[in-house]
Amino acid sequence: MEAGEEPLLLAELKPGRPHQFDWKSSCETWSVAFSPDGSWFAWSQGHCIVKLIPWPLEEQFIPKGFEAKSRSSKSDSKGRGSPKEKTLDCGQIVWGLAFSPWPSPPSRKLWARHHPQVPDVSCLILATGLNDGQIKIWEVQTGLLLLNLSGHQDVVRDLSFTPSGSLILVSASRDKTLRIWDLNKHGKQIQVLSGHLQWVYCCSISPDCSMLCSAAGEKSVFLWSMRSYTLIRKLEGHQSSVVSCDFSPDSALLVTASYDTNVIMWDPYTGERLRSLHHTQLDPPMDDSDVHISSLRSVCFSPEGLYLATVADDRLLRIWALELKTPIAFAPMTNGLCCTFFPHGGVIATGTRDGHVQFWTAPRVLSSLKHLCRKALRSFLTTYQVLALPIPKKMKEFLTYRTF
């Protein structure tokens, strides 16, 4: 889609029939994820099942006129035939999903240790966070279970790998803790982060691997150092539970979404609140029966860092341009729970309470040279380092996202 056009529904995946009387294992899609290289899509479709689907989707899922380009050449070039869809039976309701960065050379050691008979291959990993507090680690190419991580006492709500490829995994749980695991050391638990007083809903690691943000059922958001695993600061500003958070691709911005119907954009280095995005309803309700109709569920940055997507309880997917205070596009979606961008742009995936996944067109833009320079500089300079540069004030304001 061009900037300003409404998102179009590209495809929808629906779970097969649930097992009879399987009322305990619910059908919600709490998490969806693309692998960092864009070759796989993971869908927690409910009923304890995760589907691993090769991307782009097969023709049968896609309406006429939306055939993905270069589909055949992409699958043929793998040399081993096109990858096959896999079903992972996790044995418990699946809440969180995260792919490892890829290719990730250290993971070969992990693979070889558990499967010595298998040739030395680079190994893409999927972590699944479960209802009973377990984390199961799967090898994507084969669908084999590699590790089972135990430690959490309640639902593992969210998972995040360090983008550097070091195979450090962070998990967020209803037991009010975050845990750090090293998959290169047999999944050894290396740290427990305590301090939240409520269930931890979301964890996000900055792309430069320096910071970890965690959001619990509290008004404040916690920022942790990924080097010392200590609390850097609490971000105060929301009026209700914060449920979702994400860093911009250059680590210079942090967005948090709350039941208070606001997304707040922060400078994670200074703790400053840069702007708020308010989710007003398009059609106000006839009465005051449902105060939290615009409660937010999920927020995420686009891969180039110029757009945000949000999912709220008012049955809308919204797309926001970074520089504007109102959404540039809306799409109707019922019971939305989560959203994520395709890593190469152009598509947003959303998951719903009914176990469905929907794929929407997202804005495709050519980043300006100014933004590309800002992104490149901010990937290794903190806000304080930018402010110390001998450059004009206006350039500093642009580089620190103070020009809104």
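Let me begin with one sheet in this predicted model, an open sheet of 4 strands that follow the order β14-β15-β16-β17 and pair in antiparallel fashion. Its edge strands are β14, covering residues 200-205, and β17, covering residues 231-235, and each of these pairs on one side only. From one strand to the next, the twist averages 20 degrees. For those of you new to this, strands of a sheet pair through backbone hydrogen bonds, and they may do so either parallel or antiparallel. Between β14 and β15, the latter being residues 211-216, there are 5 bridges, and the two strands run antiparallel. If you would like one bridge to find on the screen, take Val-200, whose bridge partner in β15 is Ala-216.

Now let me step back to the chain as a whole. Its secondary structure comes to 5 helices and 28 strands, and of its 404 residues, 58% count as buried. The accessible surface comes to about 17600 Å², and 54% of that belongs to carbon and sulfur atoms. If we take the contacts with a separation of 6 or more, residues 24 or more positions apart account for 52% of them.

Next, the interior. Which residues touch the most other members of the largest nonpolar core? That core has 17 residues, and the ones in question are Ala-309, Leu-317 and Ile-348. At least two residues of this core come from each of the strands β23 (307-312), β24 (316-321), β25 (329-332) and β26 (336-341). Looking at Ile-348 by itself, and leaving aside its neighbours within four places in sequence, we find it in contact with several residues, including Ala-309, Ile-319, Cys-339 and Phe-341, and also Phe-359, Trp-360 and Ala-362.

I would like to spend a little longer on the aromatic rings, since a search of the whole structure finds 10 aromatic pairs. One of them joins Phe-34 and Trp-55 edge-to-face, with 5.1 Å from centre to centre and 85 degrees between the planes. Phe-34 lies in strand β2, residues 32-34, while Trp-55 lies in the loop between β4 (49-54) and α1 (71-76), so this pair ties together parts that are 21 residues apart in sequence. Are these two residues buried or exposed? Phe-34 has a relative accessible area of 8%, so it is buried, and Trp-55, at 13% relative accessibility, counts as buried too.

Phe-34 also pairs with Phe-359, and here the ring centres are 6.5 Å apart with the planes at 55 degrees, so the pair is tilted. Because Phe-34 lies in strand β2 and Phe-359 in strand β28, residues 357-361, the pair ties together parts that are 325 residues apart in sequence. Both Phe-34 and Phe-359 are buried. Ring pairs link these two residues with Phe-41, Trp-55 and Phe-342 into a cluster.

Let me finish with Leu-274, which has its place in strand β21, residues 273-278. Its relative accessible area is 19%, and the cut-off for buried is under 20%, so Leu-274 is buried. The C-alpha atoms of Leu-274 and Tyr-401 are separated by 8.0 Å, although the two residues are 127 residues apart along the chain. Not counting residues up to four places away in sequence, Leu-274 touches Leu-253, Met-265, Trp-266 and Asp-267, and it also touches Thr-400, Tyr-401, Arg-402 and Phe-404.

Key: Residues numbered from 1 in each chain as written. Predicted model: local features only at pLDDT ≥ 70, side-chain atom pairs only at ≥ 80, totals over all residues. Heavy atoms only, no water. Pairing = 2+ DSSP bridges. Axes fitted to C-alpha atoms, helices over the stretch in contact; angles between N-to-C directions. Core = buried A, V, L, I, M, F, W, Y, C linked by side-chain atoms within 4.5 Å. Buried < 20%, exposed > 50% of the residue type's maximum accessible area, 1.4 Å probe, protein only. Contact = heavy atoms within 4.5 Å. Areas by Shrake-Rupley, 256 points an atom, 1.4 Å probe, with all protein chains shown as cover. Phe/Tyr/Trp six-rings, centres within 6.5 Å; stacked < 30°, edge-to-face > 60°.
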